[in-house]
Amino acid sequence: MAIIKKTEIVLDHKFDPRSCRHTINGELHVLHCHHYATLYTRLADDCGMLDGKKLLVDVAEDCFYELLTKYYAAHNIESIDDRFSIAEQYYAAAGLGQMEVLCAGTESGEVKLLHSHLDEGWINKWEKRDTPVNFMTCGYIAAIFSAAFDRPTRTFSVLEKESIISGAEHSLFDIVAK
């Protein structure tokens, strides 16, 4: 039987009581609360003055891309499998939920969200709905694909085609190079 060793993420979490700030691996970090995340997601979804959904996607992509590429460089993570494994672990460690990259290539891929704190919070506050709300997760997924393949941000578009918030057992995302 083959044994596959999974690269595990290294997280150095520190809290500065004077500034009330958290850092993970030297980077300023906000630990996500699904109640707070539902509120800013709802605000972005309701915003009529600008495309709040796209703004959340783009900001998440930029932030997580920088964080992951710095991590990969600092820890000499070069394997595509290891990069995706680290990204899956970071998503969970950041309090966002549990994801699994099902397949990944330079032109397309698929990601399954097994558990989503945002969907859970939204359903508890406002019940289920027909349209997805994982805008930040779409940005995160775009970032992990760009970072894994050493491509710039905005290389990949991400579409949530099945959603926990709509009653699916898990959310499913299609990733396509632009």
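In the predicted model, Tyr40, Thr41, Ala44 and Asp45 of helix 1 meet Gly52, Lys53 and Leu56 of helix 2. Sorted by class, the residues of this contact comprise three nonpolar, two polar and two charged ones. Helix 1 spans residues 34-46 and helix 2 spans residues 52-74, and the two pack at an angle of about 130°, their axes lying 6 Å apart. Because angles that fall outside the ranges for roughly parallel, roughly perpendicular and roughly antiparallel packing, the last of which begins over 145 degrees, are counted as oblique, helix 1 and helix 2 are classed as oblique to each other.

Ahead of these helices in the numbering, the chain contributes to a sheet. This sheet is open and consists of three strands in the order 1-2-3, with antiparallel pairing. The edge positions are taken by strand 1 (13-16) and strand 3 (27-29), each of which has a single partner strand, so that one side of each remains without a neighbour in the sheet. On average, and with direction ignored, neighbouring strands of the sheet are turned by 35° against each other. Strand 1 is joined to strand 2 (residues 21-24) by four bridges, the two strands running antiparallel, and within this pairing Phe15 stands opposite His22 of strand 2.

In soluble globular proteins, nonpolar side chains tend to be buried together. In the present model, the largest nonpolar core has 45 residues, and those with the most contacts inside it are Tyr140, Ile144 and Phe145. The element that gives the most to this core is helix 5 (residues 135-148), with eleven residues. For Ile144, when neighbours within four places in sequence are left aside, the contacts are with Leu68, Phe84, Ala87, Met99 and Val101.

A further set of contacts involves the loop between helix 4 (117-126) and helix 5, where Thr131 is placed. Thr131 has a relative accessibility of 43% and is therefore counted as partly exposed, since that category lies between the limits of 20% for buried and 50% for exposed residues. Not counting residues up to four places away in sequence, Thr131 touches Ile165 and Ser166. The C-alpha atoms of Thr131 and Ile165 are separated by 7.7 Å, although the two residues are 34 residues apart along the chain.

Technical notes: Residues numbered from 1 in each chain as written. Predicted model: local features only at pLDDT ≥ 70, side-chain atom pairs only at ≥ 80, totals over all residues. Heavy atoms only, no water. Pairing = 2+ DSSP bridges. Axes fitted to C-alpha atoms, helices over the stretch in contact; angles between N-to-C directions. Core = buried A, V, L, I, M, F, W, Y, C linked by side-chain atoms within 4.5 Å. Buried < 20%, exposed > 50% of the residue type's maximum accessible area, 1.4 Å probe, protein only. Contact = heavy atoms within 4.5 Å. Parallel < 35°, antiparallel > 145°, perpendicular 65-115°, else oblique. Nonpolar A, V, L, I, M, F, W, Y, C, P; charged D, E, K, R; others polar.
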